[in-house]
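Student: Please take one small spot in this model and look at it closely. Then work outwards from there, step by step.

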Amino acid sequence: MKIKAIDVIELVIPFDDGGRGMGITPGRWDSVDSVLIRIETDTGLVGWGDCFSYVCRTATAAAARDMIRPMLLGRELDATPEKLNHELQKRLHIFGRYGVTLFAISGFDIALWDIAAQRAGQPLHALLGQARRDQVEAYASLVRYADAELVQHFCRQAVQQGYRNIKLHEIDPEVIRAARRASGPEVGISVDVNCAWDAEQARERLAVMREIDAAWLEEPVFPPEDFETLAALNAEFALGAGENACTRHEFRKMMQAGAVRYPQPSVIKVGGVSEFMAVAQEAQGHGLTVMPHSPYFGPGYFATLHLAAVLHGAPLFEHLYVTLEGDLAQGGTPLPVDGRVTIPQTPGLGFIPDPAILQRYRIA
């Protein structure tokens, strides 16, 4: 089986989150930017992948087109996705070991796993290990509102929709407290501050985390790879981290340092399915529960559901709590219902794009 064609597709789909869209990205965040990878084989199989591309869409697309596509086009698929992933990392390491290079590799790796699962006539999770669940509990991942009234409104709305877990992206203690009041005592709340604090601020804010009975505090300090500081904080309160880490090697350092209670690899950042599974195995060896980072849609969303099927412990699925202008998946994305998401059971990822949505929102 040979790779016949590779398309790198850029999309921008607007969304509404009920807020101002300010505070995390450099400018207003009101759309999902995607770089999709479409790989077609000479046997007619088509695999879909997803590269992280929020704010960096053009750079990620360039890496996919200029560095990886020429290496794989026309290639015989006589190696596993893991081996091809390792080859890509090794040959491209001098052009940027992590970041955009790994974002692009992630998309190709996901597409290759999609093809491998379709070839086997099985859902992707069947190739990854024993399925431990056919549904996964989700949490509503709210954007940063920086407004107590808005946070309370959307927390109440999420609870009414059946969510039993919510993640905030707030940094103001009063806004965080408001979320707990609105959610009630039975709802799990985690807080992701996106590296907003220094070590002293983070230590002071642990009191607020205890006050609201937070499930975990996510990426409290900058830089995110300051594992020494994270380990000291993690000894006092449960931390989640890893959305900015690439490959099993960074995660191994993180876990060996005792810097995290909940490792959070992102399949479209970490190096795809291959690296995600390596991180999951490492986490299991340390007795840690993986909480996937997945605030996106498309093939990465579907891949995360398959990964969640085989994870040990009690993983939660991160669902970005926004309303997209268009649903990219033909037949509809499996969204949370009463706070749970059904894992696809069709061969491969189970993702096929809706041609009309693809045409409407395609940029390049």
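**A close look at one loop residue**

Tutor: Ala-238 is found in the loop between H8 and E8. Helices (H or I, at least four residues) and strands (E, at least two) are DSSP runs, numbered from the N terminus. This is a predicted model: local features need pLDDT of at least 70, side-chain atom pairs count only at pLDDT 80 or more, and totals for chains, interfaces and linings use all residues. Residues are numbered from 1 along each chain as its sequence is written, and side-chain values use heavy atoms, with hydrogens and water left out.

Is Ala-238 buried or exposed? Its relative accessibility is 12%, so Ala-238 counts as buried. (Buried means under 20% relative accessible area, exposed over 50%, partly exposed in between, with a 1.4 Å probe and protein chains only.) Which residues does Ala-238 touch, leaving aside its neighbours within four places in sequence? They are Ala-215, Trp-216, Leu-217, Arg-261 and Tyr-262. Contact here means heavy atoms within 4.5 Å. Glu-174 makes another reference point: 64 residues separate it from Ala-238 in sequence, and 21 Å in space, C-alpha to C-alpha.

Now take H8, on one side of that loop. Helix H8 spans residues 227–234, and 6 of its 8 residues are buried. These are Phe-227, Thr-229, Leu-230, Ala-231, Leu-233 and Asn-234. They pack against helix H7 (199–211), strand E8 (239–241) and helix H9 (247–256).

Next, follow one contact of Ala-238, Trp-216. The whole structure holds 14 aromatic pairs. (Rings of Phe, Tyr and Trp, its six-membered ring, pair if their centres lie within 6.5 Å; planes under 30 degrees apart count as stacked, over 60 as edge-to-face and the rest as tilted.) Trp-216 pairs edge-to-face with Tyr-139: 6.0 Å centre to centre, with 75° between the planes. Tyr-139 sits in strand E4 (residues 135–141) and Trp-216 in the loop between H7 and strand E7 (217–218), so the pair ties together parts 77 residues apart in sequence. Both Tyr-139 and Trp-216 are buried.

A second edge-to-face pair is Tyr-301 with Phe-317, at 4.9 Å centre to centre and 80° between the planes. Tyr-301 is in helix H11 (residues 299–310) and Phe-317 in strand E10 (residues 317–320), 16 residues apart. Tyr-301 is buried, at 0% relative accessible area. Phe-317 is buried too, at 1% relative accessibility. Ring pairs join both of them with Trp-48, Phe-297, Phe-302 and Phe-351 in a cluster.

Back to E4, the strand of Tyr-139. E4 runs parallel to E5, and 2 bridges join them. Two strands pair if DSSP finds at least two bridges between them. Ala-140 stands opposite Ile-166 in E5. In a regular strand the side chains alternate between the two faces of the sheet. In E5 (residues 165–168), Asn-165 and Lys-167 point one way, Ile-166 and Leu-168 the other, and all are buried.

H7, a packing partner of H8, also packs with helix H6 (residues 173–183): the angle is about 10° and the axes are 10 Å apart. That makes H6 and H7 roughly parallel. (Axes are lines fitted to C-alpha atoms, for helices over the stretch in contact, and angles run from 0 to 180 degrees between N-to-C directions. Angles under 35 degrees count as roughly parallel, over 145 as roughly antiparallel, 65 to 115 as roughly perpendicular and the rest as oblique.) Pro-173, Ile-176 and Arg-177 of H6 meet Arg-205, Val-208, Met-209 and Glu-211 of H7. By class, this contact has 4 nonpolar, no polar and 3 charged residues. (Ala, Val, Leu, Ile, Met, Phe, Trp, Tyr, Cys and Pro count as nonpolar, Asp, Glu, Lys and Arg as charged, and the others, Gly among them, as polar.)

For contrast, take another helix pair. H3 and helix H10 (residues 272–285) pack at about 90°, with their axes 6 Å apart. They are therefore roughly perpendicular. Ser-106, Asp-109, Ile-110 and Trp-113 of H3 meet Gly-272, Val-273 and Ser-274 of H10.
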